[in-house]
Amino acid sequence: MTPLLLFAGLGLVSTVQADSHGKASLDSVVPEGPIEPSSGAPLGWKAKPTKDDAIYAFSMIDRLEYGDSEEGQTYLWDAQGWIGGDYNKFWWETEGEGPVGDGAISASQFDATYAHKIWPYFHLQGGIRYDTNPNPDRGFLMVALQGLAPYWFATDMEAYVSEDGDVSASAEFEYNLLLTQRLVLMPRVSVKASAQDEPDYDLGSGITSTEMGLRLRYEIRREFAPYIGVRWNQKYGETKDIAEEMGKPTSSTAFVVGLRAWY
């Protein structure tokens with residue numbers, strides 16, 4: 001053992017010892033004297049330890065909007081949030097839509113998941129989903145991967161197994177393009193697919209539908225931003241055929257006005 005470093009602090013002088021490979025002796029590194037119970041640092045240190053295990057919460061309305069198309073006027077909501085620490089969170093999400101006027105909800109969905117951080121910008125989630133309207137309500141087990149992909153694409157990919165054993169999946173991608181410090185253009189793409197026919201829910205196997213949107217928002221504050229835009233929905237394959245047989249539209253384009261807010 002040979003002396004490696006001499007340091008002084010708070011009136012204490014200590015010699016740090018290291019072997020020929022540069023590995024320090026623990027006894028020579030840890031200062032003598034009283035310590036702070038919460039951190040193990042010397043009691044006399046003025047700097048307090050950084051607490052990285054605090055509990056935080058976040059909630060966001062991603063889309064709260066009114067849409068006007070040839071098929072009529074509709075409303076839509078899409079909100080999510082979480083509570084937890086840096087690595088583990090309880091995550092919730094809800095979305096739904098319906099026609100304006102009669103107060104009915106055409107479809108709604110609620111997710112409750114446990115999320116664990118697996119990469120700096122991604123969480124792996126597992127939990128349950130419950131759908132109401134239309135047709136019979138049903139529950140799902142789900143896994144998801146949510147986060148920020150390279151080039152700053154917000155990504156949400158989910159896979160489900162229903163209580164009837166039906167397997168389905170969805171993926172959503174968003175991008176925020178800053179035109180100015182307050183004016184933001186946000187393209188959005190959503191894809192849904194089913195592994196088998198689901199006649200009770202008017203769904204065929206394969207890719208069932210896509211939704212593409214383009215929204216321009218003005219951030220009055222970062223947390224509060226009204227927007228205008230357009231969204232386009234399209235059904236595919238057997239799902240499209242089922243809709244045509246029932247006399248329902250297979251595509252629609254709507255001009256939208258909405259609000260994005262977070263807390």
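This passage describes the second largest pocket of a predicted model and the strands around it. Local features require pLDDT of at least 70 and side-chain atom pairs pLDDT 80 or more, whereas totals for chains, interfaces and linings use all residues. Residues are numbered from 1 along each chain as its sequence is written, and side-chain values use heavy atoms, without hydrogens or water.

The second largest pocket has a volume of about 850 Å³. A pocket is an open set of points on a 1 Å grid over the protein atoms alone, where a 1.4 Å probe fits, with protein on both sides within 12 Å along at least five of seven lines. Volume is the space filled by probe spheres set on the points, which are joined across faces, edges and corners. Thirty residues line this pocket; M60, Q146, G147, L148 and A154 are the closest to its centre. Lining residues have an atom within 4 Å of a point.

Strands (DSSP runs of E, at least two residues, numbered from the N terminus) contribute to the wall. β3 (56-69), β4 (72-84), β5 (88-99), β7 (122-132), β8 (138-149), β9 (153-162), β10 (167-175) and β15 (251-262) each supply at least two lining residues.

Several of these strands pair, a term that requires at least two DSSP bridges. β3 and β15 are antiparallel over seven bridges, and I61 stands opposite A261 in β15. β15 also runs antiparallel to β14 (224-235), through eleven bridges. There, P226 is partnered by L259 of β15.

β4 and β5 are joined by eleven antiparallel bridges and by a hairpin of three residues. G81 faces W92 in β5. β5 pairs in turn with β6 (107-119), antiparallel over ten bridges; W92 has A112 as its bridge partner in β6.

How values were computed
Helix = DSSP H or I, 4+ residues; strand = E, 2+ residues; numbered from the N terminus.
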